[in-house]
Amino acid sequence: MDIQPIEAKSLVDVITKEIETAIFNGTLEPGAKVSEQGLARQLGVSRGPLREALRRLEGRKLIERTTNIGARVAKLSVDDLENLLVIREALEGMAARLAAQNMTEKERETLTALITAHGEQESVRSGTGYLQEQPDFDFHFFIIRAAKNERLEAMLCGELYDLLRAYRYKSSTLDGRARNAFAEHEAIVKALIESDADAAEAAMRLHLSTARQHIVSQMRAERI
């Protein structure tokens, strides 16, 4: 049996996950230069699988390369981010409405367990951050899938989904935003559990509007 390709693929998966987590938790911030040599040394790996991992992340729009400059963590301008978040607010509001109408009882139970697990995070309780690493642990991803609209899911979970997750986490680390975001999530869950489509859409739109205003105002202040 040829084991080497399996081992190589497994190593690339691990490296990809490590870099992805560093981007999501802010260790590698948007715009940060990515040194292949430095990362290889830190992770204790050769540059071959590291480069493959970076190519994967580049395909997911988390890493971008510029001629004569090299690789950097992808970064959106403030205006681009604000425009994307305005669109996201409208689309995810509709996703919440559809989820309220289409969720199964099992999905409601799973969502309840998910929000309970989120509330048990020390960073959420302390207000220092609200990290949702895996898509299956991502509150928004779960609701989008529960809407059961493939077109809508493709738009919301497409090429910029991962990059927006990084900005979502950055927002949650600012000014105790994590606790407020969690309370807003609880309001959305309540509406979904009660199959109240109007309330679910309104709660989601309020949550995303508040998050957008929070991160955009902070980024504009930093730029100044």
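How many helices and strands does the secondary structure of the protein chain come to? The count is 11 helices and three strands. Here helices (H or I, at least four residues) and strands (E, at least two) are DSSP runs, numbered from the N terminus.

Before going further, some ground rules. This is a predicted model, in which local features need pLDDT of at least 70 and side-chain atom pairs count only at pLDDT 80 or more, while totals for chains, interfaces and linings use all residues. Residues are numbered from 1 along each chain as its sequence is written, and side-chain values use heavy atoms, with hydrogens and water left out.

**The chain as a whole**

Reading from the N terminus, the elements go α-β-α-α-β-β-α-α-α-α-α-α-α-α. The protein chain has 224 residues, and 46% of them count as buried; buried means under 20% relative accessible area, exposed means over 50%, and partly exposed is what lies in between (1.4 Å probe, protein chains only). About 11,600 Å² of the protein chain is exposed, with carbon and sulfur atoms supplying 51% of that area. Accessible areas come from the Shrake-Rupley method with a 1.4 Å probe, and for residues only the protein chains shown count as cover. Now look at contacts, meaning heavy atoms within 4.5 Å. Among those between residues at least 6 apart in sequence, 76% join residues at least 24 apart.

**The sheet**

The three strands make an open sheet in the order β1-β3-β2, with antiparallel pairing. Since β1 and β2 stand at the edges with a single partner strand each, one side of each is left without a neighbour in the sheet. Two strands pair if DSSP finds at least two bridges between them. Strand β1 (residues 33-34) is joined to β3 (residues 70-73) by two bridges, while β2 (residues 63-66) pairs with β3 over four bridges. In general, strands of a sheet pair through backbone hydrogen bonds, either parallel or antiparallel.

Some residues that face each other across the strands are listed here.

| Residue | Stands opposite |
|---|---|
| Lys 33 | Arg 72 in β3 |
| Val 34 | Ala 71 in β3 |
| Glu 64 | Arg 72 in β3 |

A helix joins the picture too: α3 (residues 47-59) lies across β1 and β2 and runs at about 100° to β2.

**Two residues with positive phi**

Most residues other than glycine have a negative phi, and most peptide bonds are trans. Asn 68 goes the other way, with a positive phi near 70°. Where does Asn 68 sit? Its place is the loop between β2 and β3, in a hairpin that has three residues between the strands. Asn 68 is exposed, with a relative accessible area of 81%.

Ser 195 also has a positive phi, of about 55°, although it is not a glycine. Ser 195 is found in the loop between α10 (177-193) and α11 (197-223). At 40% relative accessibility, Ser 195 counts as partly exposed.

**Helices side by side**

Two packed helices are described by the angle between their axes and the distance between the axes. Helix α5 (residues 105-119) and helix α7 (residues 139-146) pack at about 170°, and their axes are 11 Å apart. That makes α5 roughly antiparallel to α7. Axes are lines fitted to C-alpha atoms, for helices over the stretch in contact, and angles run from 0 to 180 degrees between N-to-C directions. Angles under 35 degrees count as roughly parallel, over 145 as roughly antiparallel, 65 to 115 as roughly perpendicular and the rest as oblique.

Which residues meet here? On the α5 side they are Glu 107, Thr 110, Leu 111, Leu 114, Ile 115 and His 118, and on the α7 side Phe 139, Phe 142 and Ala 146. By class, that contact has six nonpolar, two polar and one charged residues. Ala, Val, Leu, Ile, Met, Phe, Trp, Tyr, Cys and Pro count as nonpolar, Asp, Glu, Lys and Arg as charged, and the others, Gly among them, as polar.

Helix α7 also holds Arg 145, which is partly exposed at a relative accessible area of 44%. Arg 145 and Ala 99 are 46 residues apart in sequence and 8.1 Å apart in space, C-alpha to C-alpha.

Finally, is Glu 92 buried or exposed? Glu 92, which lies in helix α4 (residues 78-102), is buried with a relative accessible area of 4%. Not counting residues up to four places away in sequence, Glu 92 touches His 140, Ile 144, Leu 156, Met 204 and Leu 208.
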